[in-house]
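Thanks for coming, everyone. I'll take the two chains in turn, then the place where they touch. Have a look at the model first.

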Amino acid sequence: MIMSRESLGNFELMVLLALIGLGDDAYGVPIADVLTKTLGREVAAASVYAALERLAQKELVTSRMGESMPERGGRARRYFRISGAGLREVRATRSALTTLWSELPVLKCEPA
Amino acid sequence: MLVTRWLLSRVKLDNPLAGDLEEQVGRGKSTVWLLRQVLLALLVRAGGLFRDRPFTAVRFMILGWGAALVLQFLAIVIALSAEPALYRWAFLPDYLSVRIWWSAHTYLVVSGVFGLAFAGWLVARTAAVEDRAALVLVLFASVLVWQLTGNFYWTALPAFLPLRQGASVALDGWTTVAILMLMPLSVVWGGLLIRDRTPSVLATHSS
């Protein structure tokens, strides 16, 4: 599998994986929650949006605006979804990482 | 919730991000959490500005510093031109009794505070709405760094001196330092004076 020239950053990859896990209901709050639980430290909402913006520019995610909600001060949610190109990028990254991991002699012996 | 709404209306974050933060506060997150998130959002925005549009960011820094320095220069010119008249008024004919305590230092601090507030206001007034708070924050940070390094004698020297001497220098200087550290905050004060209903005059040119 061939990766694009502009490979994913660590955080961007985690955001994409969170998006896949959340499905169609992915917006800033649940994405940040998933990453916070996974990483064990608080993730700034702004960092999540900055990563999503970069991913959108690379056309790896798509977004749509929801309806404005009173509990959000009349602001709408922005829902994100991984694109076909994003899925291909995630698979390519996983493949590359798996290859690299499997070529490390020490880690081969460790239990899964 | 009022604090949240006021803060979010002032800093003008992206709408979905601001909505997320308000939603989280509604679910029980504290005001301190909100302040941290807003500050991080502004830092991320400022970082993006310097990375993606460095000329715009530098232009606004030059504008802010230029405005503050020009006003400070004018304040000094006014002080120097008023000096003889001030002395005639301040000192009684016997030259022993002083009518007022004229402190050039106090004058410069006061004029500096208003100059920096004007600089913050000017940057906020001319920047695009979504960049406004981030640029004011960067201007604030640059003034703060300038004050800390410019007043190194009072802020850091006591740590390098023997205890008694260091304590003496620190006690002498910390009132001055406290005032000087307040000056950067006047940038934020000036920046916050901008209201939403005021249209941004250069918004279309800065993006």
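In chain A, 38% of the 112 residues count as buried. Keep in mind that this is a predicted model. Chain A has 5 helices and 2 strands. What order do they come in along the sequence of chain A? The pattern reads α-α-α-β-β-α-α. Now the contacts in chain A with a separation of 6 or more. Of those, 55% are between residues 24 or more positions apart. As for surface, chain A has about 6800 Å² accessible, and 55% of that belongs to carbon and sulfur atoms.

On to chain B. Here we have 207 residues, and buried ones make up 40% of them. How many helices and how many strands does chain B have? The count is 10 helices and 0 strands. So you can guess the reading along the sequence of chain B: α-α-α-α-α-α-α-α-α-α. Take the contacts with a separation of 6 or more again. In chain B, residues 24 or more positions apart account for 73% of them. Chain B exposes about 12100 Å², with carbon and sulfur atoms supplying 71%.

Now the interface. The size of an interface is often given as the accessible area lost when the parts come together. For chain B and chain A, that buried area is about 1500 Å². Carbon and sulfur atoms hold 52% of it. Which residues of chain B lose the most area to chain A? They are Pro16(B), Asp20(B) and Glu23(B). Together those three give 32% of what the chain B side buries. By residue count, 20 residues from chain B and 20 residues from chain A take part in the contact.

Next, the polar side of it. There are 13 residue pairs in polar contact between chain B and chain A, counting pairs with both residues at pLDDT 80 or more. The rule also finds 5 salt bridges across the interface. One of them joins Arg72(A) and Asp20(B). Their closest N and O atoms are 2.7 Å apart. Asp20(B), remember, is among the residues that lose the most area to chain A.

Where on chain B does this side come from? Three elements give two or more residues to it: helix H1 (2–11), helix H2 (15–26) and helix H3 (31–52) of chain B. H2(B) gives the most, with 10 residues. By class, the side of chain B that touches chain A has 9 nonpolar, 4 polar and 7 charged residues.

Let me finish on one residue, Arg77(A). You will find Arg77(A) in strand E2 of chain A, residues 75–82. Is Arg77(A) buried or exposed? Arg77(A) counts as buried, because its relative accessibility is 14% and the cut-off for buried is under 20%.

What does its side chain do? The side chains of Arg77(A) and Glu23(B) are joined by a polar contact of 3.0 Å. Within chain A, the side chain of Arg77(A) also makes a polar contact with the side chain of Tyr79(A), at 3.4 Å.

Then the wider surroundings, leaving aside neighbours within four places in sequence. From chain A, Arg77(A) is in contact with Tyr27(A), Arg64(A), Met65(A), Gly66(A), Glu67(A), Met69(A) and Arg72(A). From chain B, the contacts of Arg77(A) are Glu23(B) and Arg27(B). Note Arg72(A) in that list, the residue with the salt bridge to Asp20(B).

Terms used: Residues are numbered from 1 along each chain as its sequence is written. Chains are lettered from A and ligands numbered from 1 in the order in which they are written. This is a predicted model: local features need pLDDT of at least 70, side-chain atom pairs count only at pLDDT 80 or more; totals for chains, interfaces and linings use all residues. Side-chain values use heavy atoms; hydrogens and water are left out. Contact means heavy atoms within 4.5 Å. Buried area is the accessible area (1.4 Å probe) that two parts lose on being put together, summed over both. A salt bridge is a side-chain nitrogen of Lys or Arg within 4 Å of a carboxyl oxygen of Asp or Glu. A polar contact is a pair of N or O atoms within 3.5 Å; within protein, one must be able to donate a hydrogen and the other to accept it, and residues adjacent in sequence count only if both atoms are side-chain atoms. Helices (H or I, at least four residues) and strands (E, at least two) are DSSP runs, numbered from the N terminus. Ala, Val, Leu, Ile, Met, Phe, Trp, Tyr, Cys and Pro count as nonpolar, Asp, Glu, Lys and Arg as charged, and the others, Gly among them, as polar. Buried means under 20% relative accessible area, exposed over 50%, partly exposed in between (1.4 Å probe, protein chains only). Accessible areas come from the Shrake-Rupley method with a 1.4 Å probe; for residues, only the protein chains shown count as cover.
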